[in-house]
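Grab a viewer and something to scribble on. Try each exercise yourself before you read its solution.

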Amino acid sequence: MVTYNVNDERIEDFIKSLDDYDEEIESLKDYALKNDVPIIRDETRNFLRLLLRIKKPRKILELGTAIAYSTLVIYKSCDKDIDSIVTVENNIDRIKEAKTNIEKFFDDKKVVLIEDDITNYLEAAEKEEKYDFVFLDAAKAQYIVWLPMLKKLMKKGAVLLADNIFKDGEILESRYTIIKRDRTIHKRMREYLHEVAKDVDFDTTIFNVGDGISVSIKK
Ligand SMILES: C[S@@+](CC[C@H](N)C(=O)[O-])C[C@H]1O[C@@H](n2cnc3c(N)ncnc32)[C@H](O)[C@@H]1O
């Protein structure tokens with residue numbers, strides 16, 4: 001039998017070579033990487049794009065804007081007749097850059113940047129402000145706190161995609177092998193995954209994509 005020298009890295013390179021190339025997305029990605037701005041990985045970006053194209057949401061909530069890189073990916077993956085993309089960020093420097101990028105790359109007023117803490121936004125959001133897609137990419141220890149609030153803001157059939165659920169593999173390790181400083185995040189991320197997976201109102205699947213993704217559909 002012939003055996004081939006195929007490993008994960010080669011597979012990833014091969015997939016990347018077939019990626020859609022978008023100059024604006026690539027330029028924002030390059031800027032983020034050069035300036036140490038944390039952004040979604042390419043595999044996560046492609047997965048997000050695919051889900052959006054299948055789901056075709058009209059009202060989207062993004063938690064964790066950074067400089068609006070993933071916002072741009074979301075925007076370009078959706079139909080032009082979406083209602084809005086609401087995106088929340090509380091870091092002053094990133095807000096400044098996100099505003100500049102939103103002005104530069106988004107040609108309509110459908111992107112609304114909320115300059116506030118996510119908890120404040122979720123607590124203040126009207127119950128009837130129903131979303132059909134939520135992208136969760138902010139403070140990992142807060143996912144478990146935000147889950148019940150998010151649930152109320154999601155329509156039936158809405159999708160909740162949470163990123164970085166493996167935290168570079170740390171989540172799979174026993175809590176005793178984790179350095180003390182990171183134990184809270186470890187515990188709370190496990191609680192989030194347990195809660196969302198066991199919640200009868202959600203259908204949840206975990207994917208080994210990027211740094212780990214959970215996709216939950218509200219029943
Ligand atoms: C991983 S980055 C988001 C990256 C972005 N989604 C992308 O891929 O382009 C997480 C962002 O969430 C923001 N963030 C974290 N906790 C937050 C909170 N409680 N309220 C608002 N923003 C928060 C951080 O300031 C950071 O910019």
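Below are five exercises on this predicted model, each with a worked solution.

**Exercise 1. Check how confident the prediction is, for the chain and by element.**

Start with the whole chain: its average pLDDT is 91, and 99% of the residues score at least 70. Then go element by element. Helix H1 (residues 8–17) has the lowest mean, 82, while E4 has the highest, 98.

**Exercise 2. Work out whether the length of helix H3 fits its residue count, then find its buried side.**

Step one is the length. H3 covers residues 42–55, which makes 14 residues, and at 1.5 Å a residue they should span 20 Å. The end C-alpha atoms are 20 Å apart, so the two values agree.

Step two is burial. Count C-beta neighbours within 10 Å, with 20 or more meaning buried. Thr44, Arg45, Leu48 and Leu52 make the cut in H3. They cover an arc of only 100° around the axis, so they sit on the same side of H3.

Step three is the opposite face: there you'll find the exposed residues Leu50, Arg53 and Ile54.

Last, ask what lies over the buried residues of H3. The cover includes H4, strand E4 (131–136), strand E5 (154–163) and strand E7 (213–218).

**Exercise 3. Run the same routine on helix H8.**

H8 takes in residues 183–198, 16 in number. From first C-alpha to last it reaches 22 Å, close to the 22 Å expected at 1.5 Å a residue.

Now the burial: His186, Met189, Tyr192, Leu193 and Val196 are the buried residues of H8. Look down the axis and they fall within an arc of 125°, so they line one face of the helix. Turned away from that buried side are the exposed residues Arg183, Thr184, His194 and Lys198.

As for the cover over the buried residues of H8, it includes helix H7 (143–153), strand E6 (202–207) and E7. E7 also turned up among the elements covering the buried residues of H3.

**Exercise 4. Look at helix H4 and the ligand: how enclosed is the helix, and which residues come nearest to the ligand?**

Take the helix by itself to begin with. Eight of the nine residues of H4 are buried, so the rest of the structure largely encloses it. The buried ones are Tyr69, Ser70, Thr71, Leu72, Val73, Ile74, Tyr75 and Ser77.

Next, the ligand. There are 18 residues around it, and Gly64, Tyr69, Ser70, Asn90 and Ala139 come nearest. Helix H4 (69–77) and strand E2 (84–89) are the elements that give two or more residues to this shell.

Then sort the shell by class: you get nine nonpolar, five polar and four charged residues.

Two names now link the parts: Tyr69 and Ser70 are buried in H4 and are among the residues nearest to the ligand.

**Exercise 5. Compare the settings of Lys56 and Ala66: which is buried and which is partly exposed?**

Begin with the backbone. Lys56 isn't a glycine, yet its phi is positive, about 50°. Ala66, another residue other than glycine, has a positive phi near 50°.

Now place them. Lys56 follows H3, in the loop between H3 and strand E1 (59–63). Ala66 belongs to the loop between E1 and H4.

Finally, count neighbours. Lys56 has 13 other C-beta atoms within 10 Å, so it is partly exposed. Ala66 has 23 C-beta neighbours inside 10 Å, so it counts as buried.

Key
Residues are numbered from 1 along each chain as its sequence is written. This is a predicted model: local features need pLDDT of at least 70, side-chain atom pairs count only at pLDDT 80 or more; totals for chains, interfaces and linings use all residues. A residue is near a molecule or strand if its C-beta atom, placed from the backbone, lies within 6 Å of it. Helices (H or I, at least four residues) and strands (E, at least two) are DSSP runs, numbered from the N terminus. Ala, Val, Leu, Ile, Met, Phe, Trp, Tyr, Cys and Pro count as nonpolar, Asp, Glu, Lys and Arg as charged, and the others, Gly among them, as polar. The expected span of a helix is 1.5 Å times one less than its number of residues. A residue is buried if 20 or more other C-beta atoms lie within 10 Å of its own, exposed if 12 or fewer, and partly exposed in between; C-beta atoms are placed from the backbone. The arc is that of the directions from the helix axis to the C-beta atoms. Two residues are in contact if their C-beta atoms, placed from the backbone, lie within 7 Å. pLDDT is the predictor's confidence in each residue, from 0 to 100.
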